[in-house]
Every structure is written in structure tokens, then in C-alpha cells.
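Me: I should like to learn how to read internal cavities and helix packing in a model. Could you take me through this structure step by step?

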Amino acid sequence: MLFDLSLYSLPAKLINGGIAGMVGVTCVFPIDLAKTRLQNQRSGQQLYKSMMDCLIKTVKSEGYFGMYRGAAVNLTLVTPEKAIKLAANDFFRHQLSKDGGRLTVLKEILAGCCAGMCQVIITTPMEMLKIQLQDAGRLAAQQRVMPSVVTQVTRVSATQITRELLRTKGVTGLYRGLGATLMRDIPFSVVYFPLFAHLNQLGQHSSDNPSVPFYWSFISGCLAGSIAAVTVSPCDVVKTRLQSLKKGANEETYNGVVDCVRKIMRKEGPGAFLKGAGCRALVIAPLFGIAQVVYFVGVGEVLLGYTPYSICSA
């Protein structure tokens, strides 16, 4: 890490996490859109054969900016979401290492678990709104190809969805799929943060010079992110299905996590739980690689007046 823990500053970490999230999401959002559409399509109603097929068809039918449907919501909320996730992990690691001892793997897992629990405050409504906007193009395309199968699809904005949910279901409407989000984000953080910390540590120059080259942080973030993403991919499929409000006429509705898992297993088989896993790995790997570089460079510390170790020497 480029900054001494004695200079630990929660506001600086929040700034770093916010900037990291915005940069990362901007770079990988089209792949995330493809992931959502691949996860939501059912057997017998498959419009997309692969990630590239999905992106090509999206551009043809919706234009270039069709790949960024839901990006505004994500960019707005990813700042607090990533800030909370990354800063919370650092905060809990800092608290758990106050005795001066080295963090054990168990303490690293505990810090990651706490970070995952904190982030769902923002993640759940963000994903809820993003999924509706991302999946609207898939439903519209199904309507053109199979008009008898899909119900009427109207284009809506994030503001309209939010108002309707608050009017009909209250604040809890925005937290639909909270259990599935926790089921995904806690294990992800438990796998990702300890794995990243150990991989990143391998890049230290020496015990006397603990600084890590920025490219090593990027590689560590990519590798740890892709492994954690694939590990929790089945949970992400369940979460996406539960949070999708608009469905085709012949598409299943679900009453909770257990019902969703049971119906997917019975009607689509175990392979359905890995739908979009490759896309998710491609999203998460560069997202967290970029995020960790921005985070470890320490823009927040610079803005708040801390003096970093020489970044150039890393």
C-alpha cells in the first residue's frame, strides 16, 4: 500500500473508493449489460448466443448508447457503493490490526464479510434499478421476434421506476432481492479482499520497502476479482432473476431465493446458474483492477493533504 496505516483516514478512503468505482464502471458497463441480458433469458427464448452476439445485436437495434442503458444510475450510485465497500474493508482491517499484530486469514475474512454487509445498503437499490433498464432492451427485442410471447414493453426511466416502487411498495420495494444480494456480496468480499491482500503482498519490493508497483495492484485486483466473481456467479443469477420486475408472458415469477433456486434447477438445469459467468468475470476483473490502482494511488490522501510515499519509486 502506498500510505502508512498511521495516516489512515476514512474520508480519504471514501474519496478513493468513489473515484475508483466511477472509473471502473465507465470502462466495463457494456459487458455488465450483456451479463444481465444473458442471465435473464430463458431456455427456448434465447436471443443471444454469447456476450459478443448480445453486444452486436444491442448496437444494431438500440444504437451505441444502448450498451449504456442504466449507466447513469450505476455511475450515480457506484460512488457511494464502491466507497463504502473499499473503505469499510480498510476500516475493519485497521480496527482488527490495532493490537499491532499481523492480520490472520480469519480476521481478513471477517473484515471482508463486514464490508460486504455494509455495501448492500447502496448495492441493492442500485442493482434493482440498473437491471430494469438493462433488461428492457432484451424484452423489446423478444417482442419484435416473438410478439405472442412477450407482454407490451414500455420504455421507462430510473426516476419513474423509483417513484412507482415507492408508491406501491414503499422503501422496501427498492430492496427487493436483499437476501440474494447479501448472499452474493458477503461471499464475494470474503473471497476477494483476503485473496487480493495476499496477491498484492507478493509484489512488495522488500520487507523494508513495502510499496507495490501500480501494475501489480492492477493484476492482483483482476485475478482476485475474476476468481471471486465466478465463485458467487450462481448467487448473482438468482439475484438478477428476483430483481427483474418486467417479464415475458411465459417467464417464471419467483417467491424468494429458495423458490427461485428450485425453479431454475427444475426447468433449466444446474448450468443455468452459470449463465453470464464469463461476462461477470470480464466485468469484475478490470473493474476491481482499475479500482485498486486508483485506490492505492491515493487520490483522496493527496486531496486531503497527506504526503504519500514516492509513487514514482513504485
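Reply: Let us begin with the interior. This is a predicted model, and its largest cavity holds about 280 Å³ of space. Lining that cavity are 24 residues, of which Lys82, Glu127, Arg280, Ile284 and Leu287 are the closest to its centre.

Me: How many cavities of 30 Å³ or more does a search of the whole structure find?

Reply: The search finds two.

Me: Which helices each supply at least two residues of the lining of the largest cavity?

Reply: They are α1 (10–40), α3 (71–96), α4 (105–145), α6 (178–201) and α10 (277–297). By class, the lining comprises 10 nonpolar, three polar and 11 charged residues.

Me: At what angle do α7 and α10 pack?

Reply: A helix pair is described by angle, axis separation and handedness. Here α7 (residues 214–231) and α10 pack at about 145°, and their axes lie 7 Å apart. The crossing of α7 past α10 is right-handed. On the α7 side, the contact includes Phe214, Phe218, Gly221 and Gly225; on the α10 side, Ala281, Ala285, Gly289 and Phe296 are among the residues met. The residues of this contact divide into 14 nonpolar, six polar and one charged. Arg280 and Ile284 of α10 take part in the contact with α7, and both are also among the residues closest to the centre of the largest cavity.

Me: Where does pLDDT stay under 50?

Reply: Confidence should be read alongside geometry. The chain averages a pLDDT of 83, with 88% of the residues scoring at least 70. However, pLDDT stays under 50 over residues 1–7, which have 25 contacts beyond four places in sequence. Residues 308–314 also stay under 50, with 14 such contacts.

Conventions. Residues are numbered from 1 along each chain as its sequence is written. This is a predicted model: local features need pLDDT of at least 70, side-chain atom pairs count only at pLDDT 80 or more; totals for chains, interfaces and linings use all residues. Side-chain values use heavy atoms; hydrogens and water are left out. pLDDT is the predictor's confidence in each residue, from 0 to 100. Contact means heavy atoms within 4.5 Å. On a 1 Å grid over the protein atoms alone, a cavity is a set of points where a 1.4 Å probe fits but cannot get out, and a pocket is an open set with protein on both sides within 12 Å along at least five of seven lines; lining residues have an atom within 4 Å of a point. Grid points are joined across faces, edges and corners, and a volume is the space filled by probe spheres set on the points. Helices (H or I, at least four residues) and strands (E, at least two) are DSSP runs, numbered from the N terminus. Ala, Val, Leu, Ile, Met, Phe, Trp, Tyr, Cys and Pro count as nonpolar, Asp, Glu, Lys and Arg as charged, and the others, Gly among them, as polar. Axes are lines fitted to C-alpha atoms, for helices over the stretch in contact, and angles run from 0 to 180 degrees between N-to-C directions. A crossing is left-handed if the near helix is turned anticlockwise from the far one by less than a right angle, and right-handed if clockwise.
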